Structures are given as structure tokens and as C-alpha cells.
Amino acid sequence: MSNNKPMPVATEISAPFWEGLKARRLLVQQCGACEQWLFYPRRHCPACLAPDPAWREVSGQATLYSFTLTRIPTLPDFIDEMPQKLAVVELAEGVRINTTLVGLEAGQIRVGMPLQPVFAQADGKGTRLLRFTGLEQDAAALEAPPVVEAVAPAEAHDNRVQVDCQDQAALQALVSEQYSDWSNSLLVDQALIDAFAELSGDDYWIHTDPERARRSSPFGGTIAHGALVQVLQSRLKLALGFEITGFTTQINYGSDRLRFPAPVPAGSRIHARARVKAVELNQRGTQLTLEINTHVVGQERPSVINDLVILYQR
Ligand SMILES: [Zn+2]
């Protein structure tokens, strides 16, 4: 797993809880004197002040007490979970736990619904986080991090309209205000950003130092270089509905406009869509301007706007 999400730091008092999760067991404290259950972990019972409550394993049987769907991630690193389904869950023992719901669509969530625990894998070191899901869901399957399938462009290549690079009328008909469908998506993780920092020599801390970026960056974490996101366009298969034919060479002539309006936080997935902005037949050949907009998946504002000029020559 490659992300910069904050991980729990066990204290002497909370360590048994985290160790329990690693073993896929839910441990909650109970006061030996008054039998009150307590959560979060504490040294004294909040009801009778008796010291050293005992750790007991509980079933995890629970109901949803309250929840909210986020519109803005709680930290930029959580952008891949949008909307986050933040919840307060009440265990059968009566204690309430702040958590995140997994495996449920927004429309399936209702206050009071019965829930079961998910011991979600959080890193390669055995750390697990306590999540909850519905009783109908497969809790064991939800333990592994979600595998994001590479989504093929909506349009198969076979369906593309072939347009000859000399056919003025057909070329002009491609010009549109309408964007294509989305491309496949691609994960931009810290490892990729670090590799680009090394390659380009731009190793500014806002890209490469997650600790410092969390403290000092206006984005709350590291972000990808704009230039990196721009070149990753090559890995995104644009779902263009056409194919230009009849040329011998295709030249990347440059860019009429290149903007980086929104950051790409480390750990985000990006995808792109495009439209033909202009076509011009001149003495150099057929010049097609493709406006390519790359977005963080789920984000309205593009991260890169590139008016790419492609030259087709016979
Ligand atoms: Zn007590």
C-alpha cells in the first residue's frame, strides 16, 4: 500500500486495542468495580474512578448511531475515499466508537442499522483499523484494501470514426464544446512523485516531504508536480470517438495553453477527458488542437488543462 495516510500511534494505555485489531479481535475495556464498559481506552473508570479497567473481547455487534458523508476530505490523503462515510457506531455493550463505514453506498446507510466490524488492513506491517459495514456485506472481503480496477475507456477502439487528415468538413465536425468520456484512471502515489523528483531534480519539500508538508503545506500534505501530472497524460487512454488517418507523421507540436488549476495530492487517482478545440489546415499540414483536462477522480476542477497541438503531415 502506498499512501501517506496517518497511522495510529499506540500508547501504553491504548496498545492492547491496536494489538487486538492486528489479531482481528475487538477488545474493549470494562471496569472491574462497577462493570461499566468504556471507550476510548483509559486508565480509570469514568463512572466510579476505579483504576485499571480490564480488557475484554467483544463480538463487535453494533448499530449505527450517527454518520456524515464528507464533501471535503478530512485530510487531502483521504481524497481516494470520497465521500468518506464517517460514523459513530454504538456497540452492543453501549460504548460509542468513531469510525468509517466501508462497503456501503450512501443510499444503503441509515441510522439504527445493524453493523458488523471489519478489521481493515492499513499497511504492510500488520496494522489494522476498525471499520464497520452492514450485516449483508462480506466483512472478510472488505479487510483487504479496495482494488481499483483499470477501467477501460468507454468506447472500444473499433467504434471510432475514421477521419482523413485532408477531409476539411469531417475534421471541422470534430470540433465540439462537449468533452469525451473519461479515460482509465491512474494512481499518483508518493513513490511515483519521488521518482519524478529524482528524474527532474525538482525535489522541493512540498512534493517529497510528507511530514513537513502535513505541517506547513497549504494543501495539508504532499502534492504531485504539475509537470508530472501533465506527462502522465500518456498513460491515460483518452476515450476519443475518432481516429485521424491518411498521414505519414504525427508530431506533438506543443501546447497553446498549459495550466495547473488544482493540486493532485499524493495518493490520488487521476483521469482525463478531452475535446477537439480547433482544426486548421495550413502549409505545415493538419493542425488539431486537443484540449485535455486531467482531474483528480471525483473532483470538479481540473488539475491540468493542456491545449495540445498535434500536427499531421502526409
Ligand atoms: Zn467503574
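How many bridges join strand S5 (residues 85–91) to S6, and in which sense do the two strands run? The model to be toured is predicted. Select S5 together with S6: the two strands run antiparallel and are joined by five bridges. Within this pair, display Glu90, which stands opposite Arg96 in S6.

Next, add strand S4 (residues 62–69) to the selection. S4 and S5 are antiparallel, with seven bridges between them. Here Leu64 may be highlighted, since its position is opposite Val89 in S5.

Proceed to strand S7 (residues 114–121). This strand pairs with S4 over two bridges, again in the antiparallel sense. Label Ala62 and Leu115 at this point; Leu115 in S7 is the bridge partner of Ala62.

The view can now be widened to the whole sheet. It is an open sheet of five strands in the order S6-S5-S4-S7-S8, with antiparallel pairing. Colour strand S6 (96–100) and strand S8 (128–134) separately: these are the edge strands, each pairing on one side only. On average, neighbouring strands of this sheet are turned by 40° against each other, direction ignored.

Finally, colour the chain by domain. The domain assignment gives domain 1 as 15–134 and domain 2 as 157–313. Taken over C-alpha atoms, the centres of domain 1 and domain 2 are separated by 41 Å. Six residues from domain 1 and nine residues from domain 2 form the contact. Which classes of residue does domain 1 present on the side that touches domain 2? That side has four nonpolar and two charged residues, and no polar residues.

Key: Residues are numbered from 1 along each chain as its sequence is written. This is a predicted model: local features need pLDDT of at least 70, side-chain atom pairs count only at pLDDT 80 or more; totals for chains, interfaces and linings use all residues. Two strands pair if DSSP finds at least two bridges between them. Helices (H or I, at least four residues) and strands (E, at least two) are DSSP runs, numbered from the N terminus. Axes are lines fitted to C-alpha atoms, for helices over the stretch in contact, and angles run from 0 to 180 degrees between N-to-C directions. Domain bounds come from an automatic or database domain assignment. Two residues are in contact if their C-beta atoms, placed from the backbone, lie within 7 Å. Ala, Val, Leu, Ile, Met, Phe, Trp, Tyr, Cys and Pro count as nonpolar, Asp, Glu, Lys and Arg as charged, and the others, Gly among them, as polar.
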